[in-house]
Amino acid sequence: MGAEESEVDLSDIRYKRVLLKLSGEALMGDQAFGIDPAVPQRLAEEIRPVVEAGVQVAIVVGGGNIFRGIQGAAAGMDRAQGDNMGMLATVINSLSLQDCFERNGMDCRVMSAIEMRQIAEPYIRRRAIRHLEKGRITIYAAGTGNPYFTTDTAAALRACEIGAEVLMKATNVDGIYDADPRTNPDAKRFDTITYREVLNRDLKVMDATATALCHDNHMPIMVFDIKQPGVFLSAVSGETVGTTVVEED
């Protein structure tokens, strides 16, 4: 962490309460499965200066690095059963992040939509907000607690519930494009785009339910590449990074 990061003041920050959505796949690093310990450590280094500046940070993480319910359903598994397994995978990822954050000196609570009191607190909205007000990172595990809903939808729901000012989706791509930039070199990146355009173009920023929920509740969505050093601090400071999904004019 550089000297300039340690001197960040809350008055320099645009967003005071944010929800960061991480994919489970992001935790794999270069591995084919599971959690690369270097990835949570790098995330901790990104998040720490933001927390030290006084920003309230909530996190929702997916479970696709361990199990994805829809893939299980494609292989013949009952979809609800597969989604239940996927929600438990998010708990594993959440505990991994909590351990790393705490080893880096940040207070952190894991709150689960599925009760498992021995290892995580139950998700209770008022308690989650109180943790944030006390400067604790809160990680919301087990999705919404219901099958057929993605962790994108869980992130949108929790962002609205806790009164976050923005939902930040950290991906492996530096924003939203009109085509897949990994396969189309002519793909163009948007600086801003409306919710309606995202849905009409079927751009797969988040699933349609999550996008519609953010639209209905006026929750802006920022999409950026989490691998860029300092990008999270830049994002909460209001700098132009990635793509922002906004209201129609």
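Two strands count as paired if DSSP finds at least two bridges between them. With that in hand, we can start our tour of this predicted model at one such pairing: in strand S4, the residue opposite Met 111 is Glu 121.

## Strands around Met 111

S3 and S4 run parallel to each other, joined over two bridges. S3 also pairs with S5, again in the parallel sense, and here the bridges number five. Met 111 takes part on this side too, with Tyr 140 of S5 as its bridge partner.

How many of the five residues of strand S3 are buried? Four of them are, so S3, which spans residues 108–112, is largely enclosed by the rest of the structure.

## The aromatic pair

Tyr 140 leads us to another feature, since the structure holds one aromatic pair. Its members are Tyr 123 and Tyr 140, arranged edge-to-face with 5.4 Å centre to centre and 80 degrees between the planes. The two rings link distant parts of the chain, 17 residues apart: Tyr 123 belongs to the loop between strand S4 (121–122) and helix H5 (125–133), while Tyr 140 lies in strand S5 (residues 137–141).

Are these two tyrosines buried or exposed? The cut-off for buried is under 20% relative accessible area. Tyr 123 has a relative accessibility of 16%, so it counts as buried. Tyr 140 is buried as well, with a value of 2%.

Tyr 123 has a further contact to look at: the charged end of Arg 158 sits over its ring, 3.7 Å from the ring centre.

## Pockets and the cavity

Now for the empty space. Rolling a probe the size of a water molecule over the atoms shows where such space is left. The table sets out the volumes and the classes of the lining residues.

| Space | Volume | Lining residues by class |
|---|---|---|
| Largest pocket | about 1,200 Å³ | 17 nonpolar, 14 polar, 13 charged |
| Second largest pocket | about 160 Å³ | four nonpolar, four polar, three charged |
| Largest cavity | about 30 Å³ | six nonpolar, one polar, one charged |

The largest pocket is lined by 44 residues, and those nearest its centre are Arg 68, Asp 152, Lys 169, Lys 204 and Val 205. Several elements give two or more residues to this lining, namely helices H3 (69–74), H4 (79–103), H6 (151–162) and H7 (195–201), along with strands S6 (166–171) and S7 (176–177). Which element gives the most to the lining of the largest pocket? That is H4, with five residues.

The second largest pocket draws its lining from well-separated numbers in the sequence, including Arg 14 and Tyr 15, Asp 191 and Thr 192, and Thr 240 and Thr 244. Also in this lining are Pro 220, Met 222, Ala 235, Gly 238 and Glu 239.

As for closed space, the count comes to one cavity of 30 Å³ or more. Leu 22, Ser 23, Ala 26, Leu 27, Val 39, Arg 42, Leu 43 and Ile 226 form its lining. Helix H2 (residues 38–52) provides the largest share of that lining, three residues.

Notes: Residues numbered from 1 in each chain as written. Predicted model: local features only at pLDDT ≥ 70, side-chain atom pairs only at ≥ 80, totals over all residues. Heavy atoms only, no water. 1 Å grid on protein atoms, 1.4 Å probe; cavity = no way out; pocket = protein on both sides within 12 Å on 5 of 7 lines; lining within 4 Å. Points joined across faces, edges and corners; volume = space filled by probe spheres on them. Helix = DSSP H or I, 4+ residues; strand = E, 2+ residues; numbered from the N terminus. Nonpolar A, V, L, I, M, F, W, Y, C, P; charged D, E, K, R; others polar. Phe/Tyr/Trp six-rings, centres within 6.5 Å; stacked < 30°, edge-to-face > 60°. Buried < 20%, exposed > 50% of the residue type's maximum accessible area, 1.4 Å probe, protein only. Lys NZ or Arg CZ within 6 Å of the ring centre and 35° of its normal.
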